[in-house]
Amino acid sequence: SFSEDVLSKDAGECAICLEELQQGDTIARLPCLCIYHKGQVYLRMHIKFQKVASVGCIDEWFEVNRSCPEHPSD
């Protein structure tokens, strides 16, 4: 399970897509406190934003996995 939130400040990179987690991104916060993109994901290249997926990184991850990508034994 996870809680959905909007990121209030930049927070490094998403371990799933390796894109930066930036202020204003919709995120999922797992019980272990790891955060990942939730909702639409955009590839930030140069000045333009290109849509990469219609669902968030953690949504796709949970389709085939039931644990945190960084803490698989939790």
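**Exercise 1. Find what the side chain of D25 touches, and decide whether D25 is buried or exposed.**

Solution. Start with the backbone: the side chain of D25 comes within 2.8 Å of the backbone nitrogen of Q22. A word of caution before going on: this is a predicted model. Next, look for a side-chain partner. You'll find H37, whose side chain makes a polar contact with the side chain of D25 at 3.5 Å. Now place the residue: D25 sits in the loop between β1 and β2. Last step, the burial. The relative accessibility of D25 is 11%, and buried means under 20%, so D25 counts as buried.

**Exercise 2. Work out the strand order of the sheet and say which strands stand at its edges.**

Solution. Trace the strands across the sheet. It's an open sheet of three strands, in the order β1-β2-β3, and the pairing is antiparallel. Now count partners: β1 (3-6) and β3 (35-37) each have a single partner strand, so each has one side without a neighbour in the sheet, and these two are the edge strands. How much are neighbouring strands turned against each other? On average by 35°, if you ignore direction.

Then zoom in on one pair. β1 and β2 (residues 26-29) run antiparallel and are joined by four bridges. Want a residue to check? Take S3: its bridge partner in β2 is R29.

**Exercise 3. Locate L18 and L33, and classify each as buried or exposed.**

Solution. Go loop by loop. L18 is in the loop between β1 and β2. Its phi is near 65°, a positive value in a residue that isn't glycine. With a relative accessibility of 55%, L18 is exposed.

Now hop to the loop between β2 and β3, where L33 lies. L33 isn't a glycine either, yet its phi is positive, at about 80°. The relative accessible area of L33 is 62%, which makes L33 exposed.

**Exercise 4. Give the separation of E60 and I16, in sequence and in space.**

Solution. First find E60: it belongs to helix α1 (residues 57-64). Along the chain, E60 and I16 are 44 residues apart, while their C-alpha atoms are 9.6 Å apart in space. As for exposure, E60 has a relative accessible area of 40%, so it is partly exposed.

**Exercise 5. Find which residue lies over the face of F62, and how many aromatic pairs there are.**

Solution. Look at the ring of F62. Over its face lies R66, at 4.9 Å from the ring centre. Then count ring pairs, whose centres must lie within 6.5 Å. The count is zero aromatic pairs.

Technical notes: Residues numbered from 1 in each chain as written. Predicted model: local features only at pLDDT ≥ 70, side-chain atom pairs only at ≥ 80, totals over all residues. Heavy atoms only, no water. Phe/Tyr/Trp six-rings, centres within 6.5 Å; stacked < 30°, edge-to-face > 60°. Lys NZ or Arg CZ within 6 Å of the ring centre and 35° of its normal. Pairing = 2+ DSSP bridges. Axes fitted to C-alpha atoms, helices over the stretch in contact; angles between N-to-C directions. Buried < 20%, exposed > 50% of the residue type's maximum accessible area, 1.4 Å probe, protein only. Polar contact = N/O pair within 3.5 Å; in protein donor to acceptor, adjacent residues only side chain to side chain.
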